[in-house]
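Please look at the following model with me. My notes are below, in numbered points.

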Amino acid sequence: MDSLFGKSTQSSDFPWVALQNEAQIAELELESQTSLVVVFKHSTRCGISRSVLNRFERAYDHSLQGITFYYLDILAHRSISNALAERYEVWHESPQLLAIRNATVVSHSSHYDIEAANLQALIPTR
């Protein structure tokens, strides 16, 4: 995991799926039909991004079900970040969190507005 996230993650056991190619956008959109999909856009050279990522990982309630998490290293995969910005019409920022349901961004935040606790409200109750 260090090669994927460098020293920027708090926990290597966080359930991230690495977003490494544009074909995965179609996959995550399909997945968003049955679960909430979250994309965390992270700059591995930015102290703020590292701080927000660490805080997010520490604060996330692992008992929550129904969320799939994708991690995007924007320095290694800027074209994917650009494709997401164009596809969802959400201006690129870093760090940035996109919450996607039914192939639509239902929530997005950036910088210190990214809060793990906000995800609970986006999970449909059964």
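1. Start with the contact between two helices in this predicted model. From α2, Ile25, Leu28 and Glu29 take part; they meet Ile80, Ala83, Leu84, Arg87 and Tyr88 of α4. By class, the residues of this contact are six nonpolar and two charged, with no polar ones.

2. Now the geometry. Helix α2 covers residues 23–31 and helix α4 residues 78–88; their axes come within 10 Å and cross at roughly 45°. Angles from 35 to 65 degrees fall outside the parallel and perpendicular classes, and α2 and α4 are therefore oblique to each other. The crossing of α2 past α4 is right-handed.

3. What else does α4 pack against? Its buried residues are Ile80, Ser81, Ala83, Leu84, Ala85 and Tyr88. These pack against α2 and against four strands: β2 (36–42), β3 (67–73), β4 (96–101) and β5 (104–110). Just after α4, check Glu89, which has a positive phi of about 55°.

4. Strand β3 deserves its own point. Seven of its seven residues are buried. Both faces are covered. One side carries Ile67, Phe69, Tyr71 and Asp73; the other carries Thr68, Tyr70 and Leu72. Note that the buried set includes Asp73.

5. Which strands pair with β3? Strand β1 (residues 16–18) runs parallel to β3, joined by three bridges. Here Ala18 stands opposite Tyr71. Strand β2 also pairs with β3 in the parallel sense, over seven bridges. In that pairing, Leu36 lies opposite Ile67.

Key: Residues numbered from 1 in each chain as written. Predicted model: local features only at pLDDT ≥ 70, side-chain atom pairs only at ≥ 80, totals over all residues. Heavy atoms only, no water. Axes fitted to C-alpha atoms, helices over the stretch in contact; angles between N-to-C directions. Helix = DSSP H or I, 4+ residues; strand = E, 2+ residues; numbered from the N terminus. Parallel < 35°, antiparallel > 145°, perpendicular 65-115°, else oblique. Left-handed = near helix turned anticlockwise from the far one by under 90°. Contact = heavy atoms within 4.5 Å. Nonpolar A, V, L, I, M, F, W, Y, C, P; charged D, E, K, R; others polar. Buried < 20%, exposed > 50% of the residue type's maximum accessible area, 1.4 Å probe, protein only. Pairing = 2+ DSSP bridges.
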